[in-house]
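Subject: Structure for your attention

Dear colleague,

I am handing over the structure we spoke about, with the sequence alongside. Please have a look at it first; my notes on what was found follow below.

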Amino acid sequence: MAAAPARWRCFFLYDASKVRGEGDPTHAGICCFYPRQAPRDEQELLCGQIAGVARCALEISGCPPGLIRLRKLKFALEAQGSYLWVLGCTADLSDLSCRRLLERLVGLFRFYNGPASRAYAERSQEDLDREWELYVGHLQQNSSDLHRVFNSLWALDKTKVDPLLLLKAALILQSCQRSHHVLAGCILYRGRVVSTQLPPELTARVLLQKGSEDGSSGPEKGAAQLKEGSSLTSFALTTLPPGVCVTPVYLLEDEAAALRELPVEWMTRADLASSKGSEAPAGGADGAPLVRMALYVHHIRGLVLALVAEEPLVSSADFMEDVYHSSLASLNGLEVHLAETLPKGPLPSARSTYNFAHHDAIQNILTTNVLQATSPEDQRFLQATGLIHTTFEQLPATSELTLRNASTAVYGCRNAVQESYFQQRGSPPYNSGVPNPRDSMVSLPGKARLKLLKHGVNLL
């Protein structure tokens with residue numbers, strides 16, 4: 001696997017049912033361990049200790065701990081039956097961020113593979129190791145340092161895209177919803193969200209699907225692997241339209257119910273009830289039942305249309321042909337316009353006289369002009385943003401904070417639905433010792449409100 005982000009230390013999945021007595025080797029219960037190059041004795045020591053603490057807490061309190069804190073590390077835990085998922089992070093990462101990272105990893109695995117007990121019973125260790133390579137690599141490569149602070153989705157900078165193109169993307173999704181058995185979907189471009197109808201947690205999982213950059217319209221390697229190898233039960237499909245792949249995916253019952261409640265113009269509640277997907281067995285003690293659905297993915301170079309649908313979508317070639325032909329022309333037009341509007345390769349951020357970050361907590365989308373912290377000033381902005389964000393989590397009543405040192409100052413504010421951060425670049429803040437009207441820190445909130453209005457962010 002690739003090198004871990006600085007705040008990740010380890011991740012493992014442990015099956016306690018494989019280690020019943022003192023004579024059973026600890027490594028028998030280790031389903032996966034990351035980083036894979038860690039010495040085996042270190043893997044066994046850590047897994048055994050964390051699993052022991054979780055088992056002890058379960059016996060005493062009736063539930064396993066969600067977080068274990070050490071002096072330099074903290075571990076987020078999630079138990080599902082005999083399975084224990086653990087993510088180790090540095091102690092400076094907030095508790096909430098650590099837990100959300102683990103939830104993102106577990107959610108990716110469950111979405112594409114179903115219950116862990118069934119996946120590890122029916123598939124080879126080598127296949128599942130490749131799956132973890134894909135998931136961990138995806139979470140590492142498709143987020144910046146700031147995105148990791150908020151565990152947020154990576155969206156297109158909407159200030160650089162014609163609003164009519166965003167409207168066109170939304171209308172394409174609405175049109176697809178009128179097709180039989182389609183519930184909701186999203187449109188991605190070069191791994192960024194263009195438009196989505198899905199809840200943030202489902203959009204994050206679908207982001208694993210990427211558009212190819214070589215000019216072809218077929219699915220890229222990652223999507224092809226998912227179609228061929230990662231589903232527990234393959235759909236019996238003979239032919240698919242060009243550039244389309246369909247794979248089974250698994251949703252929690254409440255996730256499926258939320259999608260079915262979305263307004264769909266053509267479908268009555270009676271129709272909806274008759275087309276529900278099947279429940280996947282949860283493996284006895286592996287958590288809540290899962291609902292199996294279909295993920296329809298259409299690649300057109302860097303553009304991806306991903307639709308979550310009820311299983312009957314794949315029962316008829318006519319249903320999928322309807323989705324394909326009803327959206328093909330519009331998708332091609334959208335891809336051409338986005339390719340003309342946005343530069344190829346990583347989307348650059350223009351160097352400006354300030355840094356900012358804005359997190360929409362409802363959609364879990366981050367807008368920022370700091371994609372990579374390349375300068376010392378950018379690094380200080382990243383550090384201050386992380387500290388203020390953590391403080392906001394720890395002190396819910398706090399709405400504004402400013403951090404300052406000898407070289408820079410960063411202002412942060414938040415309400416129930418958003419957080420915003422601002423740093424004036426270039427000149428060190430004037431420090432009068434005691435805050436007064438001459439102190440440059442006093443003017444930061446006003447500058448933030450003025451500058452962020454240009455990015456569609458209203459702090460008033």
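Helix 12, residues 376-394, lies across strand 13, strand 15, strand 16 and strand 17, and runs at about 150 degrees to strand 17. Helix 13, which covers residues 440-453, also packs on the sheet and touches strand 13, strand 15, strand 16 and strand 17, with a direction that makes about 115 degrees with that of strand 17. Please keep in mind throughout that this is a predicted model.

The sheet in question is open and has six strands in the order 6-14-13-17-16-15, with mixed pairing. Its edges are formed by strand 6 (153-154) and strand 15, each of which pairs on one side only. Within the sheet, strand 13 (residues 354-360) and strand 17 (residues 418-424) run antiparallel and are joined by seven bridges, and in this pairing Asp360 of strand 13 stands opposite Gln418 in strand 17. Towards the edge given by strand 15, that strand (residues 400-404) is joined by five bridges to strand 16 (residues 409-414), the two again being antiparallel. Leu401 stands opposite Gly412 in strand 16, and the connection from strand 15 to strand 16 is a hairpin of four residues. As a general point, strands of a sheet pair through backbone hydrogen bonds, either parallel or antiparallel.

Turning to the interior, the largest nonpolar core has 57 residues, and those with the most contacts inside it are Trp85 and Trp132. Helix 2 (residues 95-113) gives the largest share of this core, namely nine residues. Where does this core lie with respect to domain 1 and domain 2? Because both domain 1 (8-142) and domain 2 (148-208 + 241-262 + 289-342) give residues to the core, it lies between them. Another core, of 30 residues, lies apart from it, and includes Ile172, Cys176, Met320 and Tyr324 among its members.

One single residue also deserves a note. Arg260 lies in helix 9, which spans residues 253-260. Is Arg260 buried or exposed? With a relative accessible area of 12%, Arg260 is buried, because the cut-off for that term is under 20%. The side chain of Arg260 is joined to that of Glu310 by a polar contact of 2.8 Å.

With best wishes

Methods: Residues are numbered from 1 along each chain as its sequence is written. This is a predicted model: local features need pLDDT of at least 70, side-chain atom pairs count only at pLDDT 80 or more; totals for chains, interfaces and linings use all residues. Side-chain values use heavy atoms; hydrogens and water are left out. Two strands pair if DSSP finds at least two bridges between them. Buried means under 20% relative accessible area, exposed over 50%, partly exposed in between (1.4 Å probe, protein chains only). A polar contact is a pair of N or O atoms within 3.5 Å; within protein, one must be able to donate a hydrogen and the other to accept it, and residues adjacent in sequence count only if both atoms are side-chain atoms. Contact means heavy atoms within 4.5 Å. Axes are lines fitted to C-alpha atoms, for helices over the stretch in contact, and angles run from 0 to 180 degrees between N-to-C directions. A nonpolar core is a set of buried Ala, Val, Leu, Ile, Met, Phe, Trp, Tyr and Cys residues joined through side-chain atoms within 4.5 Å. Domain bounds come from an automatic or database domain assignment.
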